[in-house]
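The following exercises invite the reader to work through a structure step by step. Each task is followed by its solution.

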Amino acid sequence: MAESKKRDLEEIVDLYVPYNNDDRKDKTVIISVNGNARELERGITNKVPLYIKLEYERQQQMIADRNEYIEKVKKEMAAHQRETGMTV
C-alpha cells in the first residue's frame, strides 16, 4: 500500500508556473520537498513529480491566505483608527 502511494506521488504531471508580476526578472521558482529541490521555469508548463506540484500548490495557498490576513488586519486597523482617532 505504501509503495503504491509513493509511486502515485512520483507520477509525472504538468505544472504551469506563472511569471512573478512584481519582478519579471524572476525567471524561476525553487520547490524543495524533503531535501529534493527542483528549479522550475516561470511562464511555461513544467513536467514535475506530483509531490512537487502538491507542494507548489500548498505554498501558493499559504501566500494567498497570508495576503488575505494582511488585508483583514489593515481594514481592522483603519476602522479602529477612525473610531478612536488614534494613529499607529
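**Exercise 1: A hairpin and its strands**

Task: Describe how β2 and β3 are connected and what marks the turn.

Solution: In this predicted model, β2 and β3 form a hairpin in which two residues lie between the strands. Within the turn, N34 has a positive phi of about 50°. Next, consider the pairing: β2 (residues 28–33) and β3 (residues 36–41) run in the antiparallel sense and are joined over six bridges. Finally, T28 stands opposite E41 of β3.

**Exercise 2: Two faces of a strand**

Task: Determine which side chains of β2 are buried and which are not.

Solution: Buried here means under 20% relative accessible area. The side chains of β2 alternate along the strand. V29, I31 and V33 point to one face and are buried. T28, I30 and S32 point to the other face and are not buried.

**Exercise 3: The largest nonpolar core**

Task: Identify which elements each supply at least two residues of the largest nonpolar core.

Solution: The core has eleven residues in all: V13, L15, V17, V29, I31, V33, L40, V48, Y51, I52 and Y56. β1 (12–17), β2 and α2 (50–84) each supply at least two of them. To follow one member, take L15: leaving aside neighbours within four places in sequence, L15 is in contact with L40, I44, T45, N46, V48, K53 and Y56.

**Exercise 4: The largest pocket**

Task: State which residues line the largest pocket.

Solution: The lining consists of P18, Y19, N20, V29, R42, Y56, Q59, Q60 and I63. By class, five are nonpolar, three polar and one charged. The largest share, four residues, comes from α2. The pocket has a volume of about 200 Å³.

Technical notes: Residues are numbered from 1 along each chain as its sequence is written. This is a predicted model: local features need pLDDT of at least 70, side-chain atom pairs count only at pLDDT 80 or more; totals for chains, interfaces and linings use all residues. Side-chain values use heavy atoms; hydrogens and water are left out. Buried means under 20% relative accessible area, exposed over 50%, partly exposed in between (1.4 Å probe, protein chains only). Two strands pair if DSSP finds at least two bridges between them. A nonpolar core is a set of buried Ala, Val, Leu, Ile, Met, Phe, Trp, Tyr and Cys residues joined through side-chain atoms within 4.5 Å. Contact means heavy atoms within 4.5 Å. On a 1 Å grid over the protein atoms alone, a cavity is a set of points where a 1.4 Å probe fits but cannot get out, and a pocket is an open set with protein on both sides within 12 Å along at least five of seven lines; lining residues have an atom within 4 Å of a point. Grid points are joined across faces, edges and corners, and a volume is the space filled by probe spheres set on the points. Ala, Val, Leu, Ile, Met, Phe, Trp, Tyr, Cys and Pro count as nonpolar, Asp, Glu, Lys and Arg as charged, and the others, Gly among them, as polar.
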